[in-house]
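Welcome, and please get your viewer ready for a short walk. Keep the selection panel at hand, since each stop begins with something to pick.

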Amino acid sequence: MRLEVLCEDRLGLTRELLDILASRNIDLRGIEIDVSGIIYLNFPEIDFDTFRELMAQIRRISGVSDVRKIQFMPSERHTTELNSILANLPDPVLSVGLKGEVDMLNHAAEALFSKKNSELSGVQVTSLLPGFNYSGWLEDNRQRRREAIVLDGLDYVAETMPVYITEEISGDEVIAGAVITLRHSVQDGTKINFLPEGNSLGFEHFVGISNRHKAMMTQAKKLSMMDQPLLIEGETGTGKEMLARACHNRSERAPNPFLVLSCASMPDDVAETELFGHAPGTFNQNVGHKGIFEQADGGTVFLDEIGEMSSHLQIKLLRFLQDGTFRRVGEEHEVHVNVRVIASTKQNLAELTELGKFREDLYYRLNVLTISIPALRERPSDVPVLFDLFLSKYAQQLGVSKPAVDQAVMDELAAYQWPGNIRELDNMVLRAMTQLTGDQLTLDYFKLPKVESTASGLIGVNLDGSLDEIMKHYEAQILDKLYQSFPSSRKLAKRLGVSHTSIANKLRDYGINKH
């Protein structure tokens, strides 16, 4: 129950009001005083007779002109209005206390972190925003600040605005906390680069929950700090160049250039000039040209698809890897630079070496530090998180709300083999989003190609033993792969359309549930 007491500004009047409530054992929940001459009271509901006597007793207080029942306190109205405005802002907004704990967040922030306000209240903001230095901001100038952060592979700008409370007597402003707004782009219109673009790409842009992805990231972070040549192996579309760029940006060479040369389908003379440059007068050019190695001095050169490099260039590259020196085309003078070489290949260099198509000495020079990127079909548990990443990215780029996704879509994507790997998934999501007319993605928007099964599908299957033994081995492989995307016997049973008991028994027999 809430009362509005209209009164004059008299010393002791408020005390008399509180004494009346205390004499009737009424528990006061809140009191607000307006300088215009209004006192607001908030207390539990009381019976009608008590209420009538209370109203009469308050009216008899000297200086009280009227008292009436109201529906809400002024602070309740103001708080509700502010919460409503905050909740419906399109950008995620968090209110943070002096100790870095989250006090409140709006609907957009709940959707971003996939948790309710009650679950996030009291959580340290640094655990939600990796790399966000809130304590440093408090200790520094406490001014309005913007900084770039990465959440689930996407770039955001965190705008921190201080919240001050003014002391009545001194008029001094006391810091009470901050409001943090997360935006996809800087206010001046400069677009923040996404996962496949930009020179600022780091490991935080790579998302995945599978053990294979985590092991690859751990290895890449460790090898990125070294200066020896690095070989990145992986199928088309797995993100070899992106990983190379992330390794460069994590190393001490990050402030210096990262330059790329594709070794595929490039004539020897063109590739040699691109790599090493040429002297003045060569190719009828009066001015000399610096090659990629010279331009990238202090930085990194990424040689894409090195397995397709000609034997002539392989010899020159080998010499450069040995002592960091080379000669420009048409010049006798040797140039020395400090460049790290990162190479990639979708081919099996060991097999090419055995066939005489790749120099053995260069192979052993490159095959010291190696990162193998697993194909997407080998880590199906990463498909949902990558799908969600691309969905958020393109919803943001197209300026639309992130659509709901039919469960049939996720089931189909999890079972698909992804011959084009992450690039294929990315392109598929973009195509679906540009064709979307409603607010839900269904299978109709994903026209998955039918991949013909070939003998290569038997790679890794043990063909020794009886037919029953071969089939059991193959069945175990299938269940093991699907169990990564459907990590419970009930989910897996539903996916395969068989009984829960049957799947539970098979998982136990094959030891899959012990992984």
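At what angle do α15 and helix α16 pack, and how far apart are their axes? Bear in mind as you look that this is a predicted model.

**Stop 1: two helices.** Select residues 407–415 for helix α16, then add residues 382–398 for helix α15. The two pack at an angle of about 125 degrees, and their axes are 9 Å apart. Angles of 65 to 115 degrees would count as roughly perpendicular and those over 145 as roughly antiparallel, so α15 and α16 are oblique to each other. Turn the view until one helix lies in front of the other: α15 passes α16 in a right-handed crossing.

**Stop 2: a ring pair that starts in α15.** Stay with helix α15 and show the side chain of Phe 387, then that of Phe 446. Both Phe 387 and Phe 446 are buried. Their ring centres are 5.9 Å apart and their planes stand at 50 degrees, so this pair is tilted. Phe 446 sits in the loop between β20 (440–441) and α18 (467–485), while Phe 387 belongs to α15, so the pair ties together parts that are 59 residues apart in sequence.

**Stop 3: more aromatic rings.** How many aromatic pairs does a search of the whole structure find? The search gives 12. For one of them, select Phe 132 and Tyr 134: the ring centres are 6.5 Å apart with the planes at 25 degrees, so the pair is stacked. Phe 132 has a relative accessible area of 3% and is buried; Tyr 134, at 2%, is buried as well. Next, select Phe 276, Phe 293, Phe 320 and Phe 326 together, which form one aromatic cluster.

**Stop 4: a charge over a ring.** Show Phe 51 and Lys 69. Lys 69 lies over the face of the Phe 51 ring, 6.0 Å from the ring centre.

**Stop 5: an open sheet.** Switch to a cartoon view and find the open sheet of 5 strands, ordered β6-β5-β9-β8-β7 with antiparallel pairing. Which strands form its edges? Select 102–105 for β6 and 145–151 for β7: each of these pairs on one side only. On average, neighbouring strands in this sheet are turned by 30 degrees against each other, direction ignored.

To finish, zoom in on β5 (residues 93–96) and β9 (residues 173–183), which run antiparallel and are joined by 4 bridges. Pick Val 93 and look across to β9, where its bridge partner is Thr 181.

Notes:
Residues are numbered from 1 along each chain as its sequence is written. This is a predicted model: local features need pLDDT of at least 70, side-chain atom pairs count only at pLDDT 80 or more; totals for chains, interfaces and linings use all residues. Side-chain values use heavy atoms; hydrogens and water are left out. Two strands pair if DSSP finds at least two bridges between them. Axes are lines fitted to C-alpha atoms, for helices over the stretch in contact, and angles run from 0 to 180 degrees between N-to-C directions. Rings of Phe, Tyr and Trp (its six-membered ring) pair if their centres lie within 6.5 Å; planes under 30 degrees apart count as stacked, over 60 as edge-to-face and the rest as tilted. Buried means under 20% relative accessible area, exposed over 50%, partly exposed in between (1.4 Å probe, protein chains only). A charge sits over a ring if NZ of Lys or CZ of Arg is within 6 Å of the ring centre and within 35 degrees of the ring normal. Angles under 35 degrees count as roughly parallel, over 145 as roughly antiparallel, 65 to 115 as roughly perpendicular and the rest as oblique. A crossing is left-handed if the near helix is turned anticlockwise from the far one by less than a right angle, and right-handed if clockwise.
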